[in-house]
Amino acid sequence: MPDIDDRSTEGRFFEDTVQRFRRASENPPEWSEPFEGTWESIASTLDFPRHPGNGATPASPQGLSRRTVFAGIGGLLLGTAVGAGGLRLIEMSATPPAPVRSAVLTPLEEEDARLGIAELRPSDAGYSLVVEVPDGVAHPDGYVEVWLINVDLTRMVSVGVFAAGTSAQFPVSDELIESGYLIVDLSNEEFDEEPQHSGDTIMRGELRA
């Protein structure tokens, strides 16, 4: 989870707000006569004391410490900033949905050699296929393509390219899964004009509930 002191938007906003009110408390502006009702509203919001002997009139700015006024108003704004940042951090730290299906990815001839894992997770648009290969996978002379093969082994569709790295995520429709496209296949592909599978499978596994 990102820290509030990093360079995120919430962190920068928090830091800027703190600095502004520090400067304001050290060098407060000259007071001018406020509009009628201004100090009544501030006193009510911040629960400032009222003039002795007069329960209806709030204290004037001259009767209050300027630092107290700035600290009070600044506290309200800082609380709002921290609250907004906290909500954002909670959203960012929310755990992803649990997978409904998963597959162990292995070479075709070495089913015991586990190279990666694929998970099918629910999403707003249907499903998200998450493919993770801890040691990474790449094709130096081309690229690695991710396919979904039907369980009848006669049909397949490409869902995207696995870029350099250890994980990738692809959107998948409900209809595709319900139609039996449950076998995840990663293949070496060349930069050519052939859109079909090259036949050079790196790893494969079936999505199971």
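In what order do the four strands of the open sheet run, and is their pairing parallel or antiparallel? In this predicted model, the order is S1-S2-S3-S6, and the pairing is antiparallel. Strands S1 (101–105) and S6 (167–172) stand at the edges. Each has a single partner strand, so one side of each lacks a neighbour in the sheet. On average, neighbouring strands of this sheet are turned by 20° against each other, direction ignored. Strands of a sheet pair through backbone hydrogen bonds.

Within the sheet, S2 spans residues 116–123 and S3 spans residues 126–132. Seven bridges join these two strands in the antiparallel sense. Ser-123 stands opposite Gly-126 of S3.

The largest nonpolar core comprises 25 residues. Leu-129, Val-131, Leu-148 and Leu-186 have the most contacts inside this core. Strand S7 supplies its largest share, four residues. In soluble globular proteins, nonpolar side chains tend to be buried together.

Leu-148 has an extended contact list, counted without residues up to four places away in sequence. Leu-129 is among its partners, as are Met-156, Val-157, Val-159 and Val-172. The list also includes Leu-176, Ile-177, Ile-183, Val-184 and Leu-207. Arg-155 and Tyr-181 are touched by Leu-148 as well.

Strand S7 (residues 181–190) also holds Asn-188. The relative accessibility of Asn-188 is 16%, under the 20% cut-off, so Asn-188 counts as buried. With residues up to four places away in sequence left out, Asn-188 touches His-139, Tyr-143 and Val-144. Ser-198, Asp-200 and Ile-202 are further contacts of Asn-188.

How values were computed: Residues are numbered from 1 along each chain as its sequence is written. This is a predicted model: local features need pLDDT of at least 70, side-chain atom pairs count only at pLDDT 80 or more; totals for chains, interfaces and linings use all residues. Side-chain values use heavy atoms; hydrogens and water are left out. Two strands pair if DSSP finds at least two bridges between them. Axes are lines fitted to C-alpha atoms, for helices over the stretch in contact, and angles run from 0 to 180 degrees between N-to-C directions. Buried means under 20% relative accessible area, exposed over 50%, partly exposed in between (1.4 Å probe, protein chains only). Contact means heavy atoms within 4.5 Å. A nonpolar core is a set of buried Ala, Val, Leu, Ile, Met, Phe, Trp, Tyr and Cys residues joined through side-chain atoms within 4.5 Å.
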